[in-house]
Amino acid sequence: MLDVLQQLLGGFVHVLAPANGLIVGMLVAVLPGLTLVMGVVLALPFTYGMAITPSIILLTAMYVSGTYGGAITSILFRIPGEPMDVPLLWDGYSMARAGDPAQALGWTLFAALTGGLITATVMVTLAVPFAKVALSFDSPEYFSIVLFGFTSVVALGGGSLANAFISLFFGMLVSTVGVDEIYGVDRFTFGSDVLRDGIGYLPVMVGAYGLGEVLVRLNQGFVSPSVSGQGRVATRIPTLAQAWALRGTFARSSLVGVICGIVPGAGATIASFVSYGVEGQYGKRRRQLGSGIPEGIVAPQVASTASVGGHMVPLLTLGIPGSGATAVILGAFLLHGVQPGPQIFQTQALLVYAIFASVFLGVIGMGLLGYFAIRPLIRVLYLPEAIVSVFVVLFCLIGAYSEHNNISDLWMIVVFGIVGYLFERWRFPIAPMVLGCILGPVAETSFLTTMISYRNDWTVFFTRPVSASVMALTALALVYPLYRQFRVRRRAALAPSNAAP
Amino acid sequence: MPRMRALLPYVLVLAGAGVLSYSALHFGYTPRGDRPGPDVWPRAILVLLGVACIVRIVTLLRRPADPEPVMLQDVIAGAHVTDEPAPAPPRHYPALLATGIALTIAYVALLGTLGFFIDTVLYIAALTRTGRYRRWPVIAAVAFGGALAFMFIFMKVVYLSLPIGRPPFASVSLLLMQLMGIR
């Protein structure tokens, strides 16, 4: 009997993969202590026993719904579940406080649905032409694209550029530990058998994001934000006429979301903030932003959900993740022995179109779940943070153990958990380290292949049209933030002298 | 003193990069024609890492008044609704942090000996208590229920081989496996 139940449970997990993903994605987005990336990481071990298609669908559904769940707590309780939900505090919470939380929730849901459907359409439209172009790429093009990915992650990640670069180089260095694939030479192993196997990106990612975040919150004494009641929770969807009146906001924020998605490194958070800023500059009612108007809710929510499809395009066509969540999805692809890239559209076409279809269904499912399950969803806010955090750590540890059934992987989790804590403490961003660890080997292989194929002629990166164009973009992505920092500092230095009589 | 504290991570990383650069000079391999060796890529990264650290150290030494980079979190923290008071900066509990790290290290170290079930029950109980949760009946229920749920999901549904421990602790794992029908 127990066996039948077990098989049935396994069957439900497979059949309901998108629904499970949507629910878990929303739950992690609602909980302020759990980030969307951490949630996708924690779901990873459950995909080991699944076929690749439901695995990727599960994680993608989590990613889609995770961009919406945090909006509920931002609007109702002024608790942003994710950094991307912060702009929703300004108008969403203000509208709720003014006595219309149902309308605020309705605008968010409508915006997430619109952004999701637009992003799914863009993904289907752009991915195939992107993949066709990418098929003609050689190693110099791949190296320049990976380099562009690195620099834009660093440049758009916010904070100190030097810290972001240190984090990136640290991750790339970690990926070189172990036996070199070309020469079979030990690199930085110091005689340790554990290090000879190399340091996988999974322990780095799970340790830094999962255990590291729990350690940060433990150091703050697990102080959960207080949840004040809002009476009966309901959602009132705007009418089509009301939505049509905001067509300019929908168009602008969709464009911002998709572009931020395609550019590696500019995640949903950046999209959300940029879109709010764009609305503040070009919106019809820009002067009223922050006072609780629908434009201030629609702009960030459409952009953050619309960024998902944009992120999936470079992931599927080039194998380059543009955000933390897509880095984990790339990890799931690799764990199942599938390397995303232009070839995947020929070798695994069914998988690719199943992912496309699942995004459409996921968006609709997210809408239904957001409308009907809002009350049970916000109940998770009442769970004690200490208990939630212990389970997060255990998921991290079991997830890392399950990859090779090896306890030494758990030591790596502990080490990178402490590294993650120190990174937070010393204000180094974690995302560049994780991306450096994942893409470091790709960069090394494409660089060495280019050097061998083109007889150590490094000018090839600047003489081939595509590679040269991407290198120029890379230079721009590096120089522009430096120029921006320089201008800000100069303005700050000049400010007191200007103020003086 | 604050400046020294701000410089510490960069000095540590720079020193580590120096040690690893020395190590990279001594990779034992036989060169193949004019192909780049296995040390080229790591050494390039180490040089870039060192340069980034030096840039940051010099910046900090030249501008001691601005030691902390502005992060997205800072922007977010400053993004509260203006008519409400800003939240107080969080208090820090280094003793809790040290205990949490020690418990996690002990959990990993004892996993092979105690087995997954016993080790997990103890870990959940200890870390929940360390996290300042004080309702012992809830802690006990969560610890036993959580460990059993993990065991069932991962061993029975996901077919993962979790450590059963050494005798006499292994007998507890084997008994539970028998009760759950795990072969």
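**Chain A, overall.** I began with the contacts in chain A that have a separation of 6 or more, and found that residues 24 or more positions apart account for 78% of them. I kept in mind from the start that this is a predicted model. For chain A I listed 23 helices and two strands, and I noted that buried residues make up 58% of its 501 residues.

**Chain B, overall.** I then turned to chain B, which has seven helices and zero strands, so that its pattern along the sequence reads α-α-α-α-α-α-α. Of its 183 residues, 28% count as buried. When I looked up the contacts in chain B between residues at least 6 apart in sequence, I found that 61% join residues at least 24 apart. The domain assignment gives domain 1 (2–77) and domain 2 (94–180) for chain B, and I noted 39 Å between the centres of these two domains, taken over C-alpha atoms.

**Where the chains meet.** How many residues of chain B are in contact with chain A? I found 62 residues of chain B in contact with 65 residues of chain A. On the side of chain B that touches chain A, at least two residues each are supplied by helix H1 (2–24), helix H2 (40–62), helix H3 (72–77), H4, H5 and helix H6 (136–157) of chain B. I sorted the residues of that side by type and wrote down 43 nonpolar, 12 polar and seven charged.

**The nonpolar core.** I next looked up the largest nonpolar core, which has 192 residues, and noted that Met205(A), Val328(A), Val434(A) and Leu49(B) are those with the most contacts inside it. The largest share of this core, 15 residues, comes from helix H6 (residues 101–134) of chain A. I also noted that the core lies between domain 1 (2–77) and domain 2 (94–180) of chain B, because both of them give residues to it. To see one of its residues in detail I chose Val328(A), which, leaving aside its neighbours within four places in sequence, is in contact with Val37(A), Val40(A), Val41(A), Leu44(A), Leu59(A) and Met205(A). As a general reminder to myself, nonpolar side chains in soluble globular proteins tend to be buried together.

**Helix H4 of chain B.** I checked the length of helix H4 (residues 94–114) of chain B: at 1.5 Å a residue its 21 residues should span 30 Å, and the end C-alpha atoms are 28 Å apart, which agrees. There is nevertheless a kink of about 30° in H4(B), centred on Val108(B). Which residues of H4(B) are buried? I found Leu97(B), Gly100(B), Thr104(B), Tyr107(B), Val108(B), Leu111(B) and Leu114(B), so that Val108(B), at the centre of the kink, is one of the buried residues. In an α-helix there are 3.6 residues a turn, so residues three or four places apart point the same way. What covers the buried residues of H4(B) includes helix H10 (201–219), helix H19 (385–404) and helix H20 (408–425) of chain A, together with helix H5 (116–130) of chain B. Just after H4(B), I noted that Gly115(B) takes a positive phi of about 85°.

**Backbone exceptions.** I recalled that most residues other than glycine have a negative phi, and that most peptide bonds are trans. Arg132(B) has a positive phi of about 70° although it is not a glycine, and I placed it in the loop between H5 and H6 of chain B. With 15 other C-beta atoms within 10 Å, Arg132(B) is partly exposed. Asn456(A), also a residue other than glycine, has a positive phi near 60°, and I found it in the loop between helix H21 (430–453) and helix H22 (460–463) of chain A. Is Asn456(A) buried or exposed? It is exposed, because 12 other C-beta atoms lie within 10 Å of its own. I also came upon a cis peptide bond, with omega near 0°, from Pro167(B) to Pro168(B), and I noted that Pro168(B) lies in the loop between H6 and helix H7 (170–180) of chain B.

**A last pair.** I ended with Ala251(A), which lies in helix H12 (residues 247–262) of chain A and counts as exposed, with 12 C-beta neighbours inside 10 Å. Ala251(A) and Ile118(A) are 133 residues apart in sequence, and I noted 9.9 Å between them in space, C-alpha to C-alpha.

Terms used:
Residues numbered from 1 in each chain as written. Chains lettered and ligands numbered in written order. Predicted model: local features only at pLDDT ≥ 70, side-chain atom pairs only at ≥ 80, totals over all residues. Helix = DSSP H or I, 4+ residues; strand = E, 2+ residues; numbered from the N terminus. Expected span 1.5 Å × (residues − 1). Bend = angle between axes of the 7 residues up to and from the residue. Buried ≥ 20, exposed ≤ 12 C-beta atoms within 10 Å, placed from the backbone. Contact = placed C-beta atoms within 7 Å. Nonpolar A, V, L, I, M, F, W, Y, C, P; charged D, E, K, R; others polar. Core = buried A, V, L, I, M, F, W, Y, C linked by C-beta atoms within 7 Å. Domains from an automatic or database assignment.
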